[in-house]
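This briefing introduces a structure to a reader who has not met it before. Please keep the sequence and the model in view while reading.

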Amino acid sequence: MRILVLGGSVFLGRAFVTEALARGHEVTVFNRGRSGSDLPGTETVRGDRHNAGDLAALVERAPGPDRSWETVIDTSGQQPHAVATSARLLREHASHYVFVSSVHAFARWPDRPVDENSPLHDCPADSPPGLPFSTALKAGCERAVLEQFGAERSTVLNCGLLIGPYESIGRLPWWLERTARGGRVLAPGRPDLPIQLVDARDFAAFGLDLGERGVGGRFVTTSLPGSSTYGELLTSCAAASGSNAELVWVEDQRLRAAGVQPWSELPLWYPEFDDNGSASAIWQADSRAAAAAGLRCRPLAETVRDTWAWLQERGPREEPYTQGLQGDALGIDPQKERRILAGEL
């Protein structure tokens, strides 16, 4: 098949391209060429998806009149206006559109469990360009795809939290590097807390399966609820790195009292109860429909081992891991960690 990947050089896009090439597909990647190197064996087209002229050049760059693809894989859509522009241009040049959205598109997440029928944020497909980041934007992006390609020619994948080799944010890499240093490690919450993580390679394989078969619809795409725990995650990190790390579990209340920032200072940690006393449903996305449609998630320990192996190949990272548009640094200050473990905070 001929497949067009919008993105394709970093983490999930790379996973899609790797999987598509392994299946023998002809792959075109369209990106700016700033975030990472493209994989050998692809046709590379440089351009900015926010630029209508660059998108027009993409479909005109053919040796013949039939510039078309069976499937578009959109891993980089963040603004409804840009997604609408690309989908409008490509609807006559592609049979199917697979859009990588997020559980953030659901209005009730993470306060309540969500599934494919949960209400979305109120964000229109024709939103103006350059909007400030918000979780609602993904909902507008979804509507843009559906308006241009229709429900039968569109697949929306509401992505859970991705991990695996080439992770660009650094949540799992930070934990691997922290446990590798050994000693007493601040472990947040409780070890039996159920979590939901999905390997980017498994996500990509599932998305390609649906694209190859032209399966339309929406799928909450992450591991099944309760498939792993926080304790399994951190134990696997220590085992993969071969360290002598001692996990010291500290309850949510103490961490909150010490001013620890959820999700950033201790990546992947979010207190089970928010300031209003309601339970967080961050790890309660119902992914049974995706599992029934063929999503297969490898064991968490395997993903952790493979990510550690990639980190050894990559070597030390000079800049800190960051997340969000503000570039918030990931990871707790070592002195603050020691003070909490010593009971000083």
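The points below cover the main sheet, its helices and the contacts of aromatic rings.

The structure is a predicted model. Its open sheet holds 7 strands with parallel pairing, and a search of the whole structure finds 8 aromatic pairs. One of its helices, helix 5, is largely enclosed by the rest of the structure, because 8 of its 10 residues are buried.

**The open sheet**

- The 7 strands of the sheet follow the order 3-2-1-4-5-6-11, and they pair in the parallel sense.
- The edges are formed by strand 3 and strand 11 (217-221), each with a single partner strand, so one side of each is left without a neighbour in the sheet.
- Direction ignored, neighbouring strands of this sheet are turned by 20 degrees against each other on average.

**Strand 2 and its partners**

- Strand 2, spanning residues 26-31, is mostly covered, with 5 of its 6 residues buried.
- Strand 1 (residues 2-6) runs parallel to strand 2 and is joined to it by 5 bridges.
- Within this pairing, Ile3 stands opposite Val27, and Arg2 stands opposite Glu26.
- Between strand 1 and strand 2 the chain passes through helix 1 (residues 12-22), and this β-α-β crossover is right-handed.
- Strand 2 also pairs with strand 3 (residues 43-46), in the parallel sense and over 4 bridges.
- Here Val29 has Thr44 of strand 3 as its bridge partner.

**Helices lying across the strands**

- Helix 1 lies across strand 1, strand 2, strand 4 (69-74) and strand 5 (94-102).
- The direction of helix 1 is at about 160 degrees to strand 2.
- Helix 4 (residues 137-149) lies across strand 5, strand 6 (154-159) and strand 11.
- Helix 4 runs at about 170 degrees to strand 5.

**Helix 5**

- Helix 5 covers residues 171-180.
- Its buried residues are Arg171, Leu172, Pro173, Trp174, Trp175, Leu176, Arg178 and Thr179.
- These buried residues pack against three strands and three helices: strand 7 (161-163), strand 8 (184-188), strand 14 (322-323), helix 7 (230-241), helix 10 (300-314) and helix 11 (334-341).
- Just after helix 5, Gly182 adopts a positive phi of about 75 degrees.

**Aromatic rings**

- Among the residues of the ring pairs are Trp174, Trp175, Tyr230 and Trp249, which these pairs link into a cluster.
- Two members of this cluster, Trp174 and Trp175, are also among the buried residues of helix 5.
- The ring centres of Trp263 and Trp283 are 5.8 Å apart and the ring planes stand at 35 degrees, so this pair is tilted.
- Trp263 and Trp283 both lie in the loop between helix 8 (252-257) and helix 9 (288-293), so their pairing ties together parts that are 20 residues apart in sequence.
- Trp263 and Trp283 are both buried.

**Charges over rings**

- Arg14 lies over the face of Tyr166, 4.1 Å from the ring centre.
- The charged end of Arg314 sits over the ring of Trp310, at 5.3 Å from its centre.

Methods. Residues numbered from 1 in each chain as written. Predicted model: local features only at pLDDT ≥ 70, side-chain atom pairs only at ≥ 80, totals over all residues. Heavy atoms only, no water. Phe/Tyr/Trp six-rings, centres within 6.5 Å; stacked < 30°, edge-to-face > 60°. Buried < 20%, exposed > 50% of the residue type's maximum accessible area, 1.4 Å probe, protein only. Lys NZ or Arg CZ within 6 Å of the ring centre and 35° of its normal. Pairing = 2+ DSSP bridges. Right-handed = clockwise from strand over helix to strand, strands pointing away. Axes fitted to C-alpha atoms, helices over the stretch in contact; angles between N-to-C directions. Contact = heavy atoms within 4.5 Å.
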